[in-house]
Amino acid sequence: MRFPLLGAGTAVLVLAMLVVLFPVLGCREEPPSQFDRNKAPETFLTSAPAESSLTFYRVHLHWAGFDRDGYVARYQWAITDSVPDTDLLPWSTTTRTDSVFIFQVQEDAQITGRRFYVRAVDNEGRRDDTPAYTFFVARDAIFPEVLFSRALGRGRLLSPERDTTVVIRSTAEAIPTDTIPANGSVDFAWTGVDRDTIPGQRVGRVMGFRHKLNTRELDWVGGGLEDTTASYSGLSSGVHVLYVQALDEAGLATDSYVQSASRRSVVANFDPDSWFETNESGRVVFVADGTQPHVQGDTLLGGTVRRITSRVSARDRDGSIGRMQFRVDGDNWSDSSQPGDSLIEVGSGSLRDGDHVLQARGVDNLARTDGTPAELRFVIGFKPVFHTEYTMQNIPFVQYPREGGVVEVDASGSFTIKFFALDKEGGPGPVAGYAWSLDGGPFGGDDLPLSQPDAAHGVPSGGYYMTIQLPEETDDYQWEGPHTIAIRARDLGNTWGFSNNPRCEEHYNEFQERCDWAEMKDAAAIQFTVVRRAGAAAGRSMYR
């Protein structure tokens with residue numbers, strides 16, 4: 001194709017336009033030097049615990065990655081228990097695509113949540129901007145165990161003088177069962193085992209130990225696998241407990257406060273031994289009011305005893321006796337005026353009637369007391385004695401009802417009871433009062449005995465006679481059948497005796513008076529049978 005010729009003016013104009021347009025038409029903009037054509041690699045977890053699942057702390061994880069414009073050169077992984085910025089994670093580098101990880105739990109918790117992150121890094125160093133991750137709960141199934149191979153206590157006894165060695169087996173924290181002399185020493189050694197397993201294989205491992213003695217250390221000592229011994233000397237008087245923890249590969253520590261096998265306990269300083277003076281037969285002896293000799297368990301005449309005196313002694317196997325203490329009937333301990341053998345005297349006036357326990361104990365030079373004090377038991381005041389048959393004031397008395405007897409009731413459900421008791425004090429003599437209980441109910445009243453004999457009813461003065469009534473009959477309660485009645489007599493010293501039962505134990509009655517209550521558990525009350533008197537219809541009745 002041909003083009004027409006151009007005039008001179010036109011040619012100049014076209015040339016000027018070409019000069020102006022040349023930079024635009026003849027040049028192309030180049031990309032900046034920092035532009036990166038490399039694409040980020042991708043990362044995938046190919047085998048991992050299900051999201052939020054509970055799994056054993058040893059986990060085999062698999063992962064993979066690819067790069068569209070190069071190749072994956074390595075991987076980076078990190079473990080955390082939170083959701084941090086991925087740039088702040090403690091990344092580690094590997095070229096592997098799988099590994100068995102030991103996920104840590106807390107020292108005192110068998111389960112802990114964990115996150116695992118992994119990201120690919122390509123051949124030009126570019127990392128996956130969105131790492132693959134999974135969250136699950138790691139579980140350490142079994143606490144590691146501590147096994148003591150040596151636990152010995154040593155010290156020197158003074159009475160008799162000799163060295164002693166004790167194998168310490170006690171694990172009790174409050175009251176150990178093993179004792180060593182005061183200022184003695186202890187020596188311990190241990191190993192450990194972690195029994196965590198996977199099918200067919202034990203995989204748990206102990207990675208270290210630590211220990212502390214409650215009287216010496218506030219914080220744990222050790223932590224390494226070699227920390228398997230501990231020794232202490234010059235132990236002060238008191239309870240010493242050694243706690244040992246094994247730490248397994250998941251970071252779980254033995255709970256030595258719960259797992260008793262991981263601790264040992266011992267008392268430093270033996271208790272003093274205390275005893276009351278005894279006679280040739282081994283019975284404790286004492287004197288009442290300075291003149292009356294007695295032995296353990298004697299009953300003394302009531303209302304007359306003012307003081308009890310006995311000799312007590314004590315010794316300390318690993319020290320010396322600093323003082324003696326005594327108390328009566330569980331009151332506060334009082335110091336004796338003499339440090340060694342002591343005459344213990346109690347009672348500044350008339351001692352009350354009833355059972356008494358005098359206790360004495362030695363206290364050593366380190367203020368340790370005898371944990372099993374010596375005891376002297378005695379009774380003041382004889383209990384009244386019931387009589388089923390007795391003749392007094394020319395009146396022949398017969399108790400009613402008698403054990404196993406039959407009682408007839410009239411239409412009102414009433415019947416008569418008769419009892420008679422005598423006080424042995426200086427006696428026999430009268431009692432101060434009676435009280436009775438029907439069918440296991442509460443004891444009613446504190447009725448006075450007869451002041452005058454009642455010959456018509458066969459009851460001498462000091463006996464008890466009255467008419468009582470059975471409760472109202474109902475569909476569930478009928479008069480006819482077996483019943484029980486118990487009656488007690490109180491002497492002038494407020495000592496109670498019980499019918500048909502010489503065995504007594506201390507209680508307090510409803511009047512807040514001290515009494516020796518019969519053991520009513522084993523048919524101590526009188527059992528009898530009620531029958532309706534011929535012609536007596538069913539009736540309504542209440543207690544009197």
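How many bridges join strand 4 to strand 7, and in which sense do the two strands run? I opened my notebook with that, keeping in mind that this is a predicted model. I found eight bridges between strand 4 (residues 72-80) and strand 7 (residues 111-122), and the two run antiparallel. For one pair across the two strands, I noted that valine 72 stands opposite aspartate 122 of strand 7.

**Entry: the sheet around strands 4 and 7**

Next I looked up the sheet that holds this pair. I read an open sheet of five strands, ordered 2-8-7-4-5, with mixed pairing. Strand 2 (54-56) and strand 5 (92-94) are its edge strands, and each of them pairs on one side only. I also wrote down the twist, which averages 40° from one strand to the next.

**Entry: threonine 112**

I then picked a single residue, threonine 112, which has its place in strand 7. Is threonine 112 buried or exposed? Its relative accessibility is 8%, and the cut-off for buried is under 20%, so I put threonine 112 down as buried. Which residues does threonine 112 touch, leaving aside those up to four places away in sequence? I listed Gln104, Val105 and Gln106, and with them Phe136, Val137 and Ala138. With Gln106 there is a polar detail to add: a polar atom of the threonine 112 side chain lies 3.2 Å from the backbone nitrogen of glutamine 106.

**Entry: another sheet**

Further along the chain I looked up another open sheet, with five strands in the order 23-29-28-25-26 and mixed pairing. Why is one side of strand 23 and of strand 26 left without a neighbour in the sheet? Strand 23 (299-300) and strand 26 (334-335) stand at the edges, and each has a single partner strand, so one side of each has no neighbour there. Inside this sheet I followed strand 25 (residues 321-328) and strand 28 (residues 354-364), which pair in the antiparallel sense over seven bridges. Valine 328 has leucine 358 of strand 28 as its bridge partner.

**Entry: the chain as a whole**

Last, I stepped back to the totals. I noted one helix and 42 strands in the chain. Of its 544 residues, 42% are buried, and threonine 112 is one of the residues that count as buried. I looked at contacts between residues at least 6 apart in sequence, and 66% of them join residues at least 24 apart. The accessible surface of the chain comes to about 28,800 Å², and carbon and sulfur atoms account for 52% of that.

How values were computed:
Residues are numbered from 1 along each chain as its sequence is written. This is a predicted model: local features need pLDDT of at least 70, side-chain atom pairs count only at pLDDT 80 or more; totals for chains, interfaces and linings use all residues. Side-chain values use heavy atoms; hydrogens and water are left out. Two strands pair if DSSP finds at least two bridges between them. Helices (H or I, at least four residues) and strands (E, at least two) are DSSP runs, numbered from the N terminus. Axes are lines fitted to C-alpha atoms, for helices over the stretch in contact, and angles run from 0 to 180 degrees between N-to-C directions. Buried means under 20% relative accessible area, exposed over 50%, partly exposed in between (1.4 Å probe, protein chains only). A polar contact is a pair of N or O atoms within 3.5 Å; within protein, one must be able to donate a hydrogen and the other to accept it, and residues adjacent in sequence count only if both atoms are side-chain atoms. Contact means heavy atoms within 4.5 Å. Accessible areas come from the Shrake-Rupley method with a 1.4 Å probe; for residues, only the protein chains shown count as cover.
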